[in-house]
Amino acid sequence: MDDRPLDVSPLIRELEGHLLVEAARAEGRAEAERFARSLPWLSDTQRAEVQERYAAEHLVLARRSWQHVARRGGELRAEYEDRYRRLRRRWCAGVLTCTALALVSPAVLLLTGVRG
């Protein structure tokens, strides 16, 4: 048997996804029922059809919204990672420059004969 710890994060993410979809379905059904009640002239069969279509459309819209948020999150992540890399390069260049100056300055002063 393997002594490595079990990575449960993919399982947790999958479970969260299922719970999120089920919550969206429940919300869609509740909204569909509320909407269908506002149409009192519908027969029971028509009401059930309207509720089914409304709930299905609600889930489609929720998925589109999630996909948009995920895509935008990916874009923002890429932007921030790029900015972080550029800032890190600038910081490293500054540190190297200061270090080089600190090491070279005494040598230059000694070679030019300047005494303190």
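Author: Let's start with a term: two residues are in contact when they have heavy atoms within 4.5 Å. This is a predicted model, where local features need pLDDT of at least 70, side-chain atom pairs count only at pLDDT 80 or more, and totals for chains, interfaces and linings use all residues. Residues are numbered from 1 along each chain as its sequence is written, and side-chain values use heavy atoms, with hydrogens and water left out.

Reader: Thanks! Which residues is Val50 in contact with, leaving aside its neighbours within four places in sequence?

Author: Those are Phe35 and Leu42. Val50 itself sits in helix 2.

Reader: How many helices and strands are there in the protein?

Author: Two helices and zero strands. Helices (H or I, at least four residues) and strands (E, at least two) are DSSP runs, numbered from the N terminus.

Reader: Back to Val50: is it buried or exposed?

Author: Neither label fits, because Val50 has a relative accessible area of 23% and is partly exposed. Buried means under 20% relative accessible area, exposed over 50%, and partly exposed in between, with a 1.4 Å probe and protein chains only.

Reader: And what about His58, buried or exposed?

Author: His58 has a relative accessible area of 18%, so it counts as buried. This residue is in helix 2, and beyond its neighbours within four places in sequence it is in contact with Ala24, Glu27 and Gly28.

Reader: What share of the 116 residues is buried?

Author: Buried residues make up 9% of them.

Reader: New topic! Where does Ser38 lie?

Author: You'll find Ser38 in the loop between helix 1 (9-37) and helix 2 (44-112). Ser38 is partly exposed because its relative accessibility is 44%. A polar atom of its side chain lies 2.5 Å from the backbone oxygen of Phe35.

Reader: How far apart in space are Ser38 and Val95?

Author: Their C-alpha atoms are 68 Å apart, with the two positions 57 residues apart in sequence. For another pair, Val50 and Gly74 are 24 residues apart along the chain, and 36 Å separates their C-alpha atoms.

Reader: What box do the C-alpha atoms of the protein fill?

Author: Roughly 105 × 50 × 20 Å, taken along the principal axes.

Reader: Cool. What radius of gyration does the protein have?

Author: The protein has 31 Å, whereas a compact globule of 116 residues would have a value near 13 Å. The radius is taken over C-alpha atoms, and the globule rule is 2.2 Å times the number of residues to the power 0.38.

Notes:
Polar contact = N/O pair within 3.5 Å; in protein donor to acceptor, adjacent residues only side chain to side chain.
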